Amino acid sequence: GWSKSEADWRGIYIYNFFGPAAPNAYVYGSRERNELETYDVELDFGSDFEAFGRQHTFLVAAEYRTFSRDIPTYQYVYYGYVDIFAPDYSFIDFDDPASIPPQDGYRRRDDTRLGLGAQVFFRATDSLSLLAGLRWSQVDFTNEAADTLGGEVDPGSAPFFVESKDKFDEITTRFGVVYSMTSNLNLFASYSEGFVPQTGIRRDLTTIGPETGVQLEGGVKGE
């Protein structure tokens with residue numbers, strides 16, 4: 001699979017912080033852009049096989065995914081002021097290049113994810129079935145943020161560039177057992193481990209670690 005999306009929009013808003021007294025309010029222009037591209041490849045293979053006089057099932061799966069996002073950031077543009085109770089924006093010429101907010105930085109994120117797993121479903125007896133699975137996951141992150149103009153926008157700030165890179169590897173397992181007491185009543189139990197990568201940069205410029213968990217479940221099912 002492949003997907004790509006691009007969004008680009010402009011808007012105006014009124015903001016009165018330290019501005020003229022009501023009914024007047026300052027008018028600013030803003031701009032937003034968002035570009036996102038993904039690639040996905042999944043391969044799955046499964047089949048039945050015979051062992052110990054019974055039919056069993058195995059499944060092997062592999063995946064490769066990439067995620068790339070680019071979000072340019074822009075300065076605001078001051079247009080003037082309007083009456084907040086009866087705003088009239090007709091004096092703004094959106095075709096004037098001076099009305100277009102200039103780019104002053106960006107935020108970028110790139111992820112590459114690999115996965116390889118296998119599981120086997122054993123039919124040990126007519127009443128007892130067992131499941132065992134194993135998965136290896138790898139995630140490679142890069143997060144960037146930059147302000148290329150900084151001080152020209154706010155005298156108290158300055159241009160900056162920050163980058164955070166990290167790679168996580170994890171092996172997770174799952175096990176299950178089902179015992180058929182009757183043709184419509186089963187006992188079951190399962191154990192599974194989870195691994196969910198997170199995104200973002202901490203204050204110390206390190207990447208947030210993945211979320212992990214363990215699930216235990218057991219019970220009776222009937223119909």
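Threonine 172 touches Gly133, Leu134, Arg135, Glu193, Gly194 and Phe195, once its neighbours within four places in sequence are set aside. This comes from a predicted model, and two further residues, tryptophan 9 and asparagine 143, are worth a look alongside it.

**Threonine 172**
- Threonine 172 sits in strand S7, which covers residues 160-182.
- With a relative accessible area of 8%, threonine 172 is buried, because buried means under 20%.

**Asparagine 143**
- Strand S6, residues 128-147, is home to asparagine 143.
- Asparagine 143 has a relative accessibility of 7% and so counts as buried.
- Beyond neighbours within four places in sequence, the contacts of asparagine 143 are Arg108, Arg109, Val162, Glu163, Ser164, Gly200, Ile201 and Thr207.
- Val162, Glu163 and Ser164, among the contacts of asparagine 143, fall within the residue range of strand S7, 160-182.

**Tryptophan 9**
- You will find tryptophan 9 in strand S1, made up of residues 2-15.
- Tryptophan 9 has 45% relative accessibility and therefore counts as partly exposed, since that class lies between the 20% limit for buried and the 50% limit for exposed.
- Ser30, Arg31 and Glu32 are in contact with tryptophan 9, leaving aside its neighbours within four places in sequence.
- Tryptophan 9 and phenylalanine 141 are 132 residues apart along the chain, and their C-alpha atoms are separated by 28 Å.

Technical notes:
Residues are numbered from 1 along each chain as its sequence is written. This is a predicted model: local features need pLDDT of at least 70, side-chain atom pairs count only at pLDDT 80 or more; totals for chains, interfaces and linings use all residues. Side-chain values use heavy atoms; hydrogens and water are left out. Helices (H or I, at least four residues) and strands (E, at least two) are DSSP runs, numbered from the N terminus. Buried means under 20% relative accessible area, exposed over 50%, partly exposed in between (1.4 Å probe, protein chains only). Contact means heavy atoms within 4.5 Å.
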